[in-house]
Structures are given as C-alpha cells and as structure tokens.
Amino acid sequence: METTLITQLSTWKQLQAHQQTLNTVHLRDMFAEDSERFAKFSIQACDLLLDYSKNRITSETMNQLFQFANEVKLQDWIKRMFQGEKINHTEQRAVLHTALRYQGNEAIEVDGHNVVPDVQAVINKIQQFVTQVHEAKWIGHTGKAIDTIVNIGIGGSDLGPVMVARALKAYYHPCLQCHFVSNVDATHLGETLKLLNPETTLFIVASKTFTTQETMLNANSARQWLINKLKDESAVAKHFVALSTAREEVIKFGINPDNMFEFWDWVGGRYSLWSAIGLSIAVMIGMDNFSKLLNGAYEMDQHFLNTPLENNIPVIMGLLGVWYNNFFGAKTHVILPYDYALEYFPAYSQQLIMESLGKRVTREGQVVDYATCPITWGAPGNNGQHAFYQLLHQGTHIVPADFIVAIEGQYDLPGHQDATLSNAFAQTLALMKGRTEEEARAKNMAEDILPHRLFPGNQPTNTLVYQKLTPNILGKLIALYEHKTFVQGVCWGLNPFDQWGVELGKEMAGQLLPEIQAAGAVTAHDASTNGLLNYVKAHRA
C-alpha cells in the first residue's frame, strides 16, 4: 500500500521554505538580537537541563517542526507503542521495552496477555541471583565463591550492558569484577581468559536462540577452557548461566535450566539492557541500583508519553535532528559526553540510532526520496578536543553535536570538574560564535596566518546537563535517546524496530565459513571474494 511520502506533506514544504530564510543567518547574531534566547529554548525536566538555544532555529522554526510532528501523527504513534500494538509490522511484534521498567499498576497487554507479572517474575529471579552472588552463596565447582562475571554476547546483548556497567563502575560491588566478550576474533576471548581464575568465574551467555554464531563460538571456547582447567565437564553447570528462551539448547550446552533467564520477542536487542540481558549490570551494581536505573527510564517514559510536544525533551531533540538532516543536509551527528564514565555511550548510541534508522524504505515499502539516518559517532569530550574537534571548528561540514555534561563528577578530585565544565561550555560557545576577521586582527595576528585563525562558527549544539551520573540519571539519558530515535523513525516514516540489513552479512558468512574450512580452491563467487579466500587458504600455517 503506497502512502504519501513526507516530502509531499504541506508542513515539509513549509519547512523547506523557512530554511531558506535562515540559511545565511548566524547564531551569534541571533543571540545578539535576543537576550532571552536561553529562556526560550531550554527545558528542565526529569532532573535534566536541555539547552537547545545554540541551534539555527527561531520560534517559528519550532512551531513548524511541531506542526510537522502533528501531520505525521507523532503523538498517535507514541501511544500505539506504549499500548503494545504490533508497530514492528515486518516481524509482527509489539515494541515494549518500556514495559521492562514500568512502575505503575495497570496491565500492559500483548495479544490479550498482561506481561507485567512476567516482567516482575524475571526481575525477582534476577534479585535472587544477585543476592546469591553478593552473599558468596553461588559456589563454583571446587567450592569457591564466584568473584568474577564474564558476559558473552554481541550487539544489543553486549553494547548496552558494557556501556551501563562502565558508566556505573563507581557503584560496583567491592568484591566483584566483570569482563565483556563480544568479538569473534580470538584475541578478545583469549586476552580475557588469561585474566580469569576458572574456580571463581561465572559466564553469562546472552543469546535468545542459543545459536548466535559469534556468541556461541565464544561460549563454546570458554566452556572448553573451563573443562580443561577444572578437568570435569559437570563444572559447566556451576560456572555458566543463560539469557535465552531456547531451553533445549541451554540444557545441551550443560547449563541447568533453572539458571536460564527469559526475555521476550517484544524486546529488541538494542532495547534489551532493561531485561534479563542486564543481568551482568545488576550483579555488578546491586539490585537497588539496578532498580534506580529502571526507575529513571520509567520517569523519562512518562515524560515522553504525557508531556506536550513543545516541552518534550526527546521530541525536541528528535525534531532538531530532522531539521539538520533534511533541511541543512547534515550527514552526521556527534555525541560528546563530558563525563568520562560515559565513554562507551557514543558506541552504544551508534547501534541504537543507526540500526534503528538506517533504512531506505518506508513502513509501506516505498523507497524514500529524502535522507534518513545521519552517521552517528563520538567520543568523550576532552579527548575529542585533541582529536577531531579541528573538523568541527574549521572543516567544511555542518555537524550537529550533543554535549552531555555532569555538574559533579563521580570522583571528587580538586579542580578536575571545573576544568571539565569550562572545556565543555567553551566548546559550545566557540562552535556557536566562531572568530571573525575583525576579532582575529584585534589579537594582532600576522596577515599571512590570519586566514588560518578564522572560525566560521554557526555550528549547532544541544547541551544536556545533570547533577551527577547516578543509576537514575543514566536510566533517563538512555531512555531519552531511545525515544529521540523513535521520534525520528516516525518523522521519516520508518520501522525503527527491525534490522533486516544485519541479516544479509550473517547469511553470507554462514556460506563462506565451510568454504574457508574445506580443502581446495574456492571458485563459486566473484573474482575478488574467490581471490581473498584463496589467498588466505594459501598463506595459512
């Protein structure tokens, strides 16, 4: 069924015309002309401050963006998601990661079944597991208590947990350590195994089907390592647990099915850290802190669901992304946490955003005639200043940026947080304001180097500020970016909850693997693929 592409909507055409009126307007002039700009374009909600005043917008811009959101029926789509409708239509699935952190008393139904008690049952099981580990009651094969957790997963079963665990390292249980293994390259697992004591290590294997190639190769190698070290195959039951629904495969592996933690097909991988996939997080930070993480996300859910568009942080951030991507031609978006605990947040966001929005057809299967997902990237802010900020300041691209800033650090070392804050705010100021020729001459710069010391400015930024990175605040930040991604999916007419593009590479890898392992030359593919495979086979030891 064909529908009207968004480029044909009246509000889209109005935005195109409006952009032309702002194309040559500079942010420094907008601030010079309006001393109330920060008050107009900032919001405080959910213990966050969003300053979006350093964007190339006016009140008219925002009004038109909100009209566009209404024309694509954004609020209806938000309600449909929260109500459990099967909006992931290509897989006929509801999208209910919000149910995983739901704190209310109402039923949330999928196919007439209330999933809230199911979620609570898994949370209770996680609680029991965490208690056993923390009280040194989870005993390994040789009678020693577990003190090390290794999460084996990939994609959403790795990126979310590893990001959150790193972000909340200040909240770790003092007697536990953890590792995360995802890459099928033997280096990742091999270097991790060298650090482990097999008698006190517990592996968490995260695979819904227990057939994911990378995860199960790593899991089976870890299993064999454990057996080799402890000289007993029955040791597997004491040193492995499963995050899966494939009971028979879990039993075949040697894991007691009582130690299998369930999740559901209405939870997408990149939205799953709130589920049993977050078991490693709960073990490391404790159940009280894990509950605070969930509660923070729930607070953001309620803000997103119930707040008018004009004051809705995920909506505003999502619409601004559409504004730059489609009307200014911005090809990338950079995420810059000025909070080192969030060092993995940009990598996590890459999967969340690009796996969700990296689509070229609408929900109805029409090929789009407009840009969809920007390339998302980033790094901790202070490090980035000495790496790629040169491009932001004097390059030829418009690069919208999110600055994520803590007022207080997780560790109180004199002078450090003041330096962090001054750097963060200085960068947003410099990106907005730039430096004119007149300002450069006032600094008595030599004429021959003058062009090299000019900065165009006018680079748009959002700044998110919070008091301190706690489990609750982190839950809000993650949920904010989840909902921002959903907003953009609705605006672009996409299904942001499937990922068919991931499957083709998996299928082809499955075809090539036996050819790499078999004797003889490979001739079944194109000249390049045949040549690469045969070169590798000829040069193996």
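A nonpolar core is a set of buried Ala, Val, Leu, Ile, Met, Phe, Trp, Tyr and Cys residues joined through side-chain atoms within 4.5 Å. The views below come from a predicted model.

**View 1. The largest nonpolar core, centred on the surroundings of W266 and L474.** The largest nonpolar core has 129 residues, and W266 and L474 are the members that touch the most others in it. Helix 20, which spans residues 471-491, is the greatest contributor to this core and supplies eleven residues. Apart from this core lies another of 25 residues, including F210, M216, W225 and F253.

**View 2. The contacts of W266.** When residues up to four places away in sequence are not counted, W266 touches A94, V95, L96, H97, A99 and L100 as well as V110, V115 and V119. W266 is also one of the two residues, with L474, that touch the most other members of the largest nonpolar core.

**View 3. The open sheet of six strands.** The strands of this open sheet follow the order 1-2-13-12-10-11, and their pairing is mixed. Strand 1 (42-45) and strand 11 (375-378) each have a single partner strand and stand at the edges, so one side of each has no neighbour in the sheet. From one strand to the next, the twist averages 15°.

**View 4. Strands 2 and 13, and the helix packed on the sheet.** Strand 2 (residues 48-51) pairs with strand 13 (residues 461-468) in the antiparallel sense, over three bridges. One residue pair in view is L49 with its bridge partner V465 in strand 13. Helix 18 (residues 416-433) packs on the sheet, where it touches strand 10 (332-338), strand 12 (401-408) and strand 13. The direction of helix 18 makes about 155° with that of strand 12.

**View 5. T11 in helix 1.** T11 belongs to helix 1, which covers residues 10-22. The relative accessibility of T11 is 7%, and T11 therefore counts as buried, the cut-off being under 20%. Its side chain makes a polar contact with the side chain of E71, at 2.4 Å. Leaving aside neighbours within four places in sequence, T11 is in contact with Q67, F68 and E71.

**View 6. Helix 13 and its buried residues.** Helix 13 (residues 287-306) consists of 20 residues. From its first C-alpha to its last, helix 13 reaches 28 Å, close to the 28 Å expected at 1.5 Å a residue. Buried residues of helix 13 include M287, F290, L293, L294, A297, Y298, D301 and F304. An α-helix has 3.6 residues a turn, so residues three or four places apart point the same way.

Conventions
Residues are numbered from 1 along each chain as its sequence is written. This is a predicted model: local features need pLDDT of at least 70, side-chain atom pairs count only at pLDDT 80 or more; totals for chains, interfaces and linings use all residues. Side-chain values use heavy atoms; hydrogens and water are left out. Helices (H or I, at least four residues) and strands (E, at least two) are DSSP runs, numbered from the N terminus. Buried means under 20% relative accessible area, exposed over 50%, partly exposed in between (1.4 Å probe, protein chains only). A polar contact is a pair of N or O atoms within 3.5 Å; within protein, one must be able to donate a hydrogen and the other to accept it, and residues adjacent in sequence count only if both atoms are side-chain atoms. Contact means heavy atoms within 4.5 Å. The expected span of a helix is 1.5 Å times one less than its number of residues. Two strands pair if DSSP finds at least two bridges between them. Axes are lines fitted to C-alpha atoms, for helices over the stretch in contact, and angles run from 0 to 180 degrees between N-to-C directions.
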